[in-house]
Every structure is written in C-alpha cells, then in structure tokens.
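Below is a short briefing for someone meeting this structure for the first time. Please look over the sequence and the 3D view before reading on.

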Amino acid sequence: MHNITITDVRAVPGDSAFLIDDGKTAILYDSGFAFTGYAVADRIKEMLGQRTLDFIFLTHSHYDHALGSIYVKKRFPNAKIVIGEYASKIFAKPTARAVMRDLDRKVAFDNHIENYEDLIDDICADITVNDGDDIIAGDMRFIAVAFPGHTRCSMGFYLPENKLLLGSETLGVYGGKDVVVPSYLIGYHVTIDSISKAQQMDIENILVPHTGLLDKEQTKRYLNNSFISATETAEEIAKILKNGGSEQDAISFFRNKFYNEYVKEIYPVDAMELNTGIMVKLIARELVEGIKKER
C-alpha cells in the first residue's frame, strides 16, 4: 500500500480540487474554477515547497472541475493534464468553452470577483484515457474508470493497491451523513449502471468531488445510499409526473428533499434548479413516457 496524503486545496465553496501526494509524485484531482485557478496553485505550492506538481487528473469537462487546470499548469508547466478522451474533444469546441466561460464568470461575480485573467481557450489535455487504461504516476498505478451518467465524459481513477477510488459526480453529490444527491444529466439508466459498476469494485475509500476523502464506513454507506437515492428519487419524481404534477413540482420536491445547509455550500441554487430540470426531463423520457408506450 502506498503511503499517501490527500489535502483539500479548494479556494472557495463549490470548488473541487484535492492534492494527492506520496512524497515522490504529486497529483491534483480536479482543479476548480478558472477564477480560483491561481489560488489553488498557490495552495499546492504551499504544500509541495520546492517540489513540482506532476499530474492533474480531471473527472469531467464541467467548468467547476476543469477550468482551474490551465492556471495551475501555468504555475507548474511540467504537470500533465489527464482526462477522458471524450472530454478532450469537448475542450476543443469553441461553443463549449464559451458556455464554461459564461458559467465561471457568473460564479466569480457571486464571489465578488469581476476581473481575472482569461486562459479558458487554452484548455486542453496532455494525456487522454478511456475505460480500463493505466496511468503510471511515479510508483502509483491508477486505472481509468468510465462512469457515464453525470456527463458522457465522466471518469474516475482507481488505485488498486490502496483500494482508493477518485470518484465521479455520477455516483452522486455527498450531502453529509447519509445524504447522497443524485446527479444524472445524460441518462438515468446509464447512471444506475455506473453506480452498480462502482459497487462491484474492491473499494475501501472514495475521494468525492467537492467533499474530500471518505473513511471506510462512510465509503460503504455512500455507495449504498448512492444507489438507493438515485433509484428512489427517480421513482418519486416519476410518480409526481404520472399524477399530473409539473416539472416545477418535481424540482420543488427535489429541492425540499436534498437542499440542506451542507449542500448549499457546494451547490449554487441556480445550478441545482437547472440540473434538476434536466434530470426531471430524463426521468420523464426514461421512466414515464417509456411506461406509457408499453401499455
């Protein structure tokens, strides 16, 4: 087993950035927003001193996970950005970068930051991976694990020797204690398949985006509650829609069920309502309209 330390290097609530270090090789797991990128780099510098950052593992292409990578790499130019092949294609699209820029600026404004260096068009990958690929990071060997559901490009990274999974939002947003907030934006059934995939892995600890490292007991409960929460919430929303409820009724149900004080710190309300609206449409298509067609 590798003796590693995991340090929270986030700059503001909603960021997702954690430093993994075995004393020889340092890896940034997700990189946060563009407007916090340099602040995250400064925190990494404090931790590493004269050592360099070696890798930046990105779980998917969303702005709050990926945009900081450009700024961190400007401070640590030898760091290799690792991301799924599908996500690298998203980075290459001007329309996708424009959306990420707009969303980042809105969150920056909410944090009273109006002017910051714009490096977003420089975002790219140094190493692209697909499901099952090895990533050799010094003495550590990670395995890329595809977890589609939150996005098509969602990826986790598994360190078998430590039974450690660097998780994915497809598995759900940790909401404190036994709360796991479902977060499927491209498909319900594909998300359930990804959660089942994680449950079948030999995992003792999960590093959860936006949250941090869960201990062994928390990890076990998280994986169990992830599946229960995803399936039960979908069934409850489907029931609302089948009984004539509106999309807004379903969004209100979701907000009342999950939007506690812990979740508010990491999940802006406008993003929550936007994402929940997408999820409601997916459930309507996969669980409501599908049932109607079968009758």
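The points below cover two nonpolar cores, a pair of helices, a buried strand residue and two residues with positive phi.

This is a predicted model, in which local features need pLDDT of at least 70 and side-chain atom pairs count only at pLDDT 80 or more, while totals for chains, interfaces and linings use all residues. Residues are numbered from 1 along each chain as its sequence is written, and side-chain values use heavy atoms, with hydrogens and water left out.

**Nonpolar cores**

- The largest nonpolar core has 42 residues, and L165 and Y222 have the most contacts inside it. Such a core is a set of buried Ala, Val, Leu, Ile, Met, Phe, Trp, Tyr and Cys residues joined through side-chain atoms within 4.5 Å.
- At least two residues of this core come from each of several elements, including α6 (188-199), α7 (216-242), α8 (247-258) and α10 (269-294). Helices (H or I, at least four residues) and strands (E, at least two) are DSSP runs, numbered from the N terminus.
- Another core lies apart from it and has 37 residues, among them V12, A41, L48 and Y71.
- Beyond its neighbours within four places in sequence, L165 is in contact (heavy atoms within 4.5 Å) with residues including F147, F157, M201 and I203.

**Helices α1 and α3**

- The axes of α1 (residues 37-48) and α3 (residues 68-75) come within 8 Å and cross at roughly 45°. Axes are lines fitted to C-alpha atoms, for helices over the stretch in contact, and angles run from 0 to 180 degrees between N-to-C directions.
- The two helices are therefore oblique to each other, a class left over once angles under 35 degrees (roughly parallel), over 145 (roughly antiparallel) and 65 to 115 (roughly perpendicular) are set aside.
- Residues of α1 that meet α3 include Y38, V40 and I44, and those of α3 include Y71, V72 and R75.

**Strand residue V129**

- V129 is found in strand β6 (residues 127-129) and is buried, with a relative accessible area of 2%. Buried means under 20% relative accessible area, exposed over 50%, and partly exposed in between (1.4 Å probe, protein chains only).
- V129 and M155 are 26 residues apart in sequence and 9.0 Å apart in space, C-alpha to C-alpha.

**Positive phi outside glycine**

- D30 has a phi near 60° and is placed in the loop between β3 (26-29) and α1; its relative accessible area is 0%.
- H210 has a phi near 70° and is found in the loop between β13 and β14 (212-213); H210 is buried at 4%.
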